[in-house]
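User: Hi! I have a structure open and would like to understand the reasoning behind its labels. Could you take me through it?
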Amino acid sequence: MIFPQITQPEAANAPVSIWHRDVGDLLARGAGKIPPNDLAVFCNKLSFLLEAGVMLKDVLPLLAEQSRGRMIRRILPEVHKKVLQGESLSDACAAVGAFPVFICGMFKVGEKTTQLPRVCAQLSEYYEHKVQARSELRAALLYPAMVSLMMLSVIIIAVTFVLPGYAQMFAASDVTLPWLTQALLRISDFVTARGLLLVFAILLLAIGLAVFVRSDKGRAFFSWLVLRFTLFRVGVSLHISQVLELMLHAGQPLSDALSLCAEAQGNTCVSSDLTRVEYEVAAGRTLGAALNDLIYLEPLLAGLVRVGEESGKLPQTLTQCRIHFETQHKRVLQRMNKLVEPIITLTMGILMALVMLAIVLPTFQLAGAL
């Protein structure tokens, strides 16, 4: 299986913007560890208190006391300490290393434009949408996962404990066991005899997979793999439109918005492609034409961006894109949920039927022999 090699553009050919000079060290950091729901609450309260006229040095201790997130409570005193020492909020949040690059960059934007409360309110809405999308995805996968787990447990119990008992009962008779029963008995014998070895192999495989996922090649492979699915492709288009809308409404140039949008992506393939788009736009190409080359994006995104550029209303157009892709993402999620549930139920039902046949068929043969 072949997946794209992720490369960064040559530094010598890359244009250097004011954004890169100001927060180049900030953008070099990785994603933070604070959960998105805690970030949404933090930004919401921060926006409210700053809008009410409370000084930043007084806001941070209040948020540390009121926050329910352990990570927020742990790092806000350190952020407060750095702010008292004269650092800006964005630099203090970047220094502790727990905040995502995106939120630190947006704090920098709010401080430069003296619109930090408004930017915090926009960040709160952004993270609320992100949390809602994740919750809907988890809810859609929960029921199929529970059904699969229960049916799989029943199958394992039947193969491991029930079938061997039937085999001992029929061993004294001259009845020949059906091929299905014999096959399941061989599986049962293997699991019983080498159960510990099998568990060890599964654990070793899981550890190896976890190590591979954390490696550069692993991240590149899984980033490429998820883009094969419609749900994640729509999610990428939604996320790009959200971030660009947020940045452009905050008054930032398109080049700066693309830079932070690339850093905000959790997918290394998308991040690399957006970095290339940033350099193409800086070289004079339109954003719509550059996005059109990314085949995993929804075609509507590039088309509407092109219209927004021609009309001079790109931020408003991105707002419409974001609303459209939010609706489409929910629709695809619901369609996937309706499709996955019957497929899993049918598959597990067939497996259960095979196990039951393996148990019932010998009984019928024994009754006929008598």
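**Reasoning from value to label**

Analyst: Happy to! Let me start with Cys104, which counts as buried because its relative accessibility is 1%, and the cut-off for buried is under 20%. Please keep in mind that this is a predicted model.

User: Thanks! What makes Cys269 count as buried?

Analyst: The same kind of check works here. Cys269 has a relative accessibility of 6%, and buried means under 20%, so Cys269 counts as buried.

User: How do you know that the sulfur of Cys104 is too far from the closest cysteine sulfur for a bond?

Analyst: The closest cysteine sulfur belongs to Cys93, at 5.4 Å from the sulfur of Cys104. A disulfide needs the two sulfur atoms within 2.5 Å, so this pair is too far apart for a bond. For the structure, the count of disulfides comes to zero.

User: And what makes Ala92 count as buried?

Analyst: Its relative accessibility is 0%, and the limit for buried is under 20%, so Ala92 counts as buried. Ala92 sits in helix 5, residues 89-96. Leaving aside residues up to four places away in sequence, Ala92 touches Val79, Lys82, Val83 and Glu87. Ala92 and Cys104 are twelve residues apart along the chain, with 8.9 Å between their C-alpha atoms.

User: Why are helix 6 and helix 12 called roughly antiparallel?

Analyst: Helix 6 (residues 101-112) and helix 12 (residues 254-264) pack at an angle of about 155°, and their axes are 8 Å apart. Angles over 145 degrees count as roughly antiparallel, and the two helices therefore get that label. On the helix 6 side, the contact is made by Val101, Phe102, Gly105 and Met106, while helix 12 brings Leu260, Glu263 and Ala264. By class, this contact has five nonpolar residues, one polar and one charged.

User: Why is helix 12 described as largely enclosed by the rest of the structure?

Analyst: Eight of its eleven residues are buried, so helix 12 is largely enclosed. The buried residues include Asp256, Leu258, Leu260 and Cys261. For the protein chain, buried residues make up 41% of the 370 residues.

User: Let's turn to the rings. What makes the pair of Tyr126 and Tyr127 edge-to-face?

Analyst: Their ring centres are 4.9 Å apart and their planes are at 75°. Pairing asks for centres within 6.5 Å, and edge-to-face for planes over 60 degrees apart, so this pair is edge-to-face. Both Tyr126 and Tyr127 are buried.

User: How do you know that the pair of Phe212 and Phe222 is edge-to-face?

Analyst: Here the centres lie 6.1 Å apart, with the planes at 65°. The limits are within 6.5 Å for the centres and over 60 degrees for the planes, so Phe212 and Phe222 also form an edge-to-face pair. Phe212 lies in helix 9 (residues 195-214) and Phe222 in helix 10 (residues 216-226), so the pair ties together parts that are ten residues apart in sequence. Phe212, Phe221, Phe222 and Trp224 form one aromatic cluster.

User: Why are Phe212 and Phe222 called partly exposed?

Analyst: Partly exposed is the class between buried, under 20%, and exposed, over 50%. Phe212 has a relative accessibility of 34%, so it counts as partly exposed. The relative accessible area of Phe222 is 27%, so Phe222 is partly exposed as well.

Conventions
Residues numbered from 1 in each chain as written. Predicted model: local features only at pLDDT ≥ 70, side-chain atom pairs only at ≥ 80, totals over all residues. Heavy atoms only, no water. Axes fitted to C-alpha atoms, helices over the stretch in contact; angles between N-to-C directions. Helix = DSSP H or I, 4+ residues; strand = E, 2+ residues; numbered from the N terminus. Parallel < 35°, antiparallel > 145°, perpendicular 65-115°, else oblique. Contact = heavy atoms within 4.5 Å. Nonpolar A, V, L, I, M, F, W, Y, C, P; charged D, E, K, R; others polar. Buried < 20%, exposed > 50% of the residue type's maximum accessible area, 1.4 Å probe, protein only. Phe/Tyr/Trp six-rings, centres within 6.5 Å; stacked < 30°, edge-to-face > 60°.
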